[in-house]
Amino acid sequence: MNKQLLAISGLLLLLVLFFGVNIVAGQLGAARVDLTQGNLYTLTKGSRNIARGVDEEVRLSFYFSEQAAQGIPAVAAYGRRVVELLNEYRRASGGKVVVQVLDPEPFTEAEDDANAAGLTAQRVGGQALYMGLVGKNTTDGFEVIPFLDPSQERFLEYQVSRMIYALGTPSKPVVGLVSSLQIDGGFTFDPRTQQPSQRPAWQVMSEIRAVMQVKNLGASPKTIPDDVDVLMLVHPKDLGDDTLYAIDQFVLRGGRLLAFVDPLCEVDIPPNARSPMDLISANRTSDLGRLLDAWGVELATNKVAGDQAFGMRVIAGNEPGQQEPVTYVAWLQLPREGMNAEDAITAQATQINLATAGSISLKQPLPEGSTLTLAPLLQTSEAGALIDQSAVAFMPDPKKILADFTPGTQRLTLAARLSGMVKSAFPQGKPDVKPEEGADATTPSEGEKPHLAQSSEPATIILVADADLLDNRYWIREERLFGQIPIATKVADNGDFVVNALDNLSGSTDLISVRARGEFARPFTKVQEIQRQAEKQYLQEQQRLEDELQRTQETLAQLQANRPESDASVLLTPEQEKAIADARVKIADTRKALRRVQADLNKDIESLGTRLKLINIGLLPAAVGVAAVGIGAWRVSRRRNKVRE
């Protein structure tokens, strides 16, 4: 009786503990352990800092058509993944990030709100599939991701962190523009017409102003205002030491820099140019001189990057009737293979066009005190090579340049993200300032900031070895509707590349640290390897059989064509009849062999699947069962031994 009472009491206690643990877990939040490689399901430190740094409530509304996604397991799983990630932000923020999941079913208020917010619906089996994110703050700030593409899952955390950061800091970032080109519009002299003309702002400036404030600092400012978040240099040519010093100290104090330098800027037409010959003697090269040298960055001198694989197709030839398309290796049309798929700036770009770009690399060894690292953003193919600047400087001949081009053996970096500690290019302090006798050279005058000899935090720089990519003609097709209304059509992602770079740099250090995560889809690499080996083994046999089948069919067609049609009484000779019969048998046998080859392509994969099923379904449970029986037998034996003692 006592044993029965003890058993009932134990069951009741277990039941109470079960409900108690679940209630406590529901109040405190589920305990989670991320055992994936790279901690794919855990927020990065930068994302956690962004969530914790939210001062006022940020509301994230995830519109997800759950019913429409039911027939697509990958989409349904991705929807759950988004919800889980948003809840991670909610927990990390201590409740400041409010998460709302809405199902915009047809003819509901949620669907109206989704459409009003600008979300994009995809048609799936006649149903509208919404999978977009809308963010709002308490001051009418509004951010939207129209559709969360499952193929871009690696950038999901970056997209959400960027949204929360933007809503947490509602004022637009300030971009300080320093340019020797009239990128923001102005008067220029056209050597062809010999007349001055008004040039409007380039299209890229409209793209930037849509999301940021732009402060034009001129061609050579002596100081960088304190409110500038990102400094954008466009073809910084012939800068004086005072301007270089201002840039140097801006970077060393933690300012972000986006610089477009160019070994040969084709859109740089000097204002005093009166004839094409004036372009020959004009200096159209830009760099940052002693700054890059002090930081440990090298630009190829008097060279431009060439690449036959990524070269742009142009029409060459001056004489009518002699013009023909040719690959111009100095103008590059980068596909996705030439971009860094792991960086948020270039991850979604499909094509970027450049003209006579330079090549970027780090010095080996780096200068003392520099820990700069280089992450390529844009690169040539593995056959990229440098071309002498003189070959493309004036009236280049694409056909001759292609004929003289010798492919290289490694990729050339055309744009890069640079980060790390750097030293000042002005170790003695501000140039042209002589301190009083006995005073420290780094002592500032009244109102000036103290000189920094080394960066106070890791520098963040994006360096692009081409300024031409900003010009409209390399990424915009300009047309006029009805001959009057101007329409700009994008033919490349140059503008998006610039805006993405500024957007990335204008964020906090935490946001910049949040980049692409690892691959969430984990393919069966062993299966893929077997498939590749099978294809390599059987495709040759398949091709041989198909060739043999074609030859046999041609032989049969020829034999039948030689058969007299005008006289049905004329019979084929026994030899001809046998040849036709043999041909038909051979065709049937060859087709059977082809079917066997196609079946063999999947045989090894199916065999592997069978072995895996056997191991998972049979062997492992059997091993667990044997272990359990063994442990049970050991415990029984142990109790018997104790009883005997």
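Is Asp-227 buried, partly exposed or exposed? At 37% relative accessibility, Asp-227 counts as partly exposed (buried is under 20% relative accessible area, exposed over 50%, partly exposed in between, with a 1.4 Å probe and protein chains only). Bear in mind that this is a predicted model, in which local features need pLDDT of at least 70, side-chain atom pairs count only at pLDDT 80 or more, and totals for chains, interfaces and linings use all residues. Residues are numbered from 1 along each chain as its sequence is written, and side-chain values use heavy atoms, leaving out hydrogens and water.

**Confidence**
- The chain averages a pLDDT of 81 (the predictor's confidence in each residue, from 0 to 100), and 74% of the residues score at least 70.
- Residues 435-443 stay under 50 in pLDDT, and the model has four contacts (heavy atoms within 4.5 Å) for them beyond four places in sequence.

**Salt bridges**
- The model holds 18 salt bridges (a side-chain nitrogen of Lys or Arg within 4 Å of a carboxyl oxygen of Asp or Glu).
- One of them joins Glu-143 to Arg-162, with the closest N and O atoms 3.4 Å apart.
- Arg-162 also meets Asp-503 at 2.6 Å, N to O; Asp-503 lies in helix H12 and Arg-162 in helix H6, so this pair ties together parts 341 residues apart in sequence.
- Asp-503 is buried, at 18% relative accessible area, whereas Arg-162 is partly exposed at 24%.
- Asp-227 pairs with Lys-215 at 2.6 Å, N to O.

How values were computed
Helices (H or I, at least four residues) and strands (E, at least two) are DSSP runs, numbered from the N terminus.
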